[in-house]
Amino acid sequence: MLDTTSFPIMAKWPPQHPDRIQLYSFPTPNGVKASIMLEETGLPYEAHRVTLADADVKSPEFLSLNPNNKIPAILDPDGPDGAPLTLFESGAILLYLAEKSGKLLGQSVADRHQITQWVMFQMGGIGPMFGQLGYFHKFAGKDIEDPRPRERYMTEAKRLLNVMNTQLDGQDWVAGDFSVADIAIAPWLRGLDFYGVKEAIGWDGYTNVTAYLDRFLERPAVQKGLNTPARD
Ligand SMILES: N[C@@H](CCC(=O)N[C@@H](CS)C(=O)NCC(=O)O)C(=O)O
């Protein structure tokens, strides 16, 4: 039985089921990767809402799990060798849960590396670039007179969408069968809507990508994960 007193995070977000994977998250493109993965794999879990307010993500309790003060993070009471394991960084969480469940990481070692490659493509490319585009297009950065930052991220986001559009030509999912790579990437494509940038980026022209996102959003586990934990 897990000693809940040895994890400060459990004092602020008490578990009702300490035997299950504890998810600390908020329904943002990074946060929903973890909840969608948990829904897709069927691993038992309990979700805790950690808002992006300093009182949550910068609380000492949350920092005890992720010193980088960002959601999502997990605590698996039954990690490798039966010991508790804590993890942050959504890509690391996806790969861990895939390994633990034996699902969504392909059939062969080669598949696994191809899928990991596309997870990294999202973590190092789509996520940071789309995030910066959102900042300069919709949020505080839009008031900056110099057009270059917005242009730079717009150009890069379009380039990444072209890469995706080519990769998805003639296939339903980014790396063979549905995998953690799709769970990493698709929530960020959906995020372009939130940034109000779809028209400016020419979204409708990336027909393989738009069909891909529709396919992703039809999955029942995705629909559940997108709203877990509840926003309020
Ligand atoms: N590379 C991290 C990024 C996580 C991230 O940016 N989380 C945002 C929400 S989408 C956050 O928690 N922001 C709160 C803050 O920066 O204070 C991951 O993929 O897990």
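Q: Where is Glu89 found?
A: Glu89 sits in the loop between strand 4 (85–88) and helix 5 (90–101). Helices and strands here are DSSP runs, numbered from the N terminus: H or I over at least four residues for a helix, E over at least two for a strand.

Q: What kind of model is this, and what does it take to count a local feature?
A: This is a predicted model, where local features need pLDDT of at least 70 and side-chain atom pairs count only at pLDDT 80 or more, while totals for chains, interfaces and linings use all residues. Residues are numbered from 1 along each chain as its sequence is written, and side-chain values use heavy atoms, leaving out hydrogens and water.

Q: Why does Glu89 count as partly exposed?
A: Buried means under 20% relative accessible area, exposed means over 50%, and partly exposed lies in between (1.4 Å probe, protein chains only). Glu89 has 38% relative accessibility, so it counts as partly exposed.

Q: What makes the phi of Glu89 worth a remark?
A: Its phi is positive, about 75 degrees, although Glu89 is not a glycine. Most residues other than glycine have a negative phi. Asn69 also has a positive phi, near 40 degrees. Asn69 lies in the loop between helix 4 and strand 3. Its relative accessible area is 24%, so Asn69 is partly exposed.

Q: How do you know that the bond from Ile71 to Pro72 is cis?
A: Omega is near 0 degrees for that peptide bond. Pro72 is placed in the loop between helix 4 (60–63) and strand 3 (73–76). Another cis bond joins Thr228 and Pro229, with omega about -5 degrees. Pro229 belongs to the segment after helix 11 (220–226). Most peptide bonds are trans.

Q: Why is His48 called buried?
A: His48 has a relative accessible area of 7%, so it is buried. His48 is part of strand 2 (residues 45–49).

Q: What is His48 in contact with, beyond its neighbours within four places in sequence?
A: Contact means heavy atoms within 4.5 Å. The partners of His48 include Trp13, Gln22, Tyr24 and Pro229.

Q: Why does His17 count as partly exposed?
A: His17 has 30% relative accessibility, so it falls in the partly exposed class. His17 is in the loop between helix 1 (9–12) and strand 1 (21–25). Beyond its neighbours within four places in sequence, His17 is in contact with Gln22 and Glu46.

Q: What makes the radius of gyration of the chain agree with a compact globule?
A: The globule rule is 2.2 Å times the number of residues to the power 0.38, and the radius is taken over C-alpha atoms. For 232 residues a compact globule would come near 17 Å; the chain has 18 Å, so the two agree. The C-alpha trace spans about 55 × 45 × 25 Å along its principal axes.

Q: How is the chain divided?
A: There is domain 1 (4–103) and domain 2 (109–219). These bounds come from an automatic or database domain assignment. The domain centres, taken over C-alpha atoms, are 24 Å apart. In domain 1, 14 residues are in contact with 14 residues of domain 2.

Q: How many helices and strands are in the chain, and what share of its residues count as buried?
A: The chain has 11 helices and four strands. Of its 232 residues, 49% count as buried.
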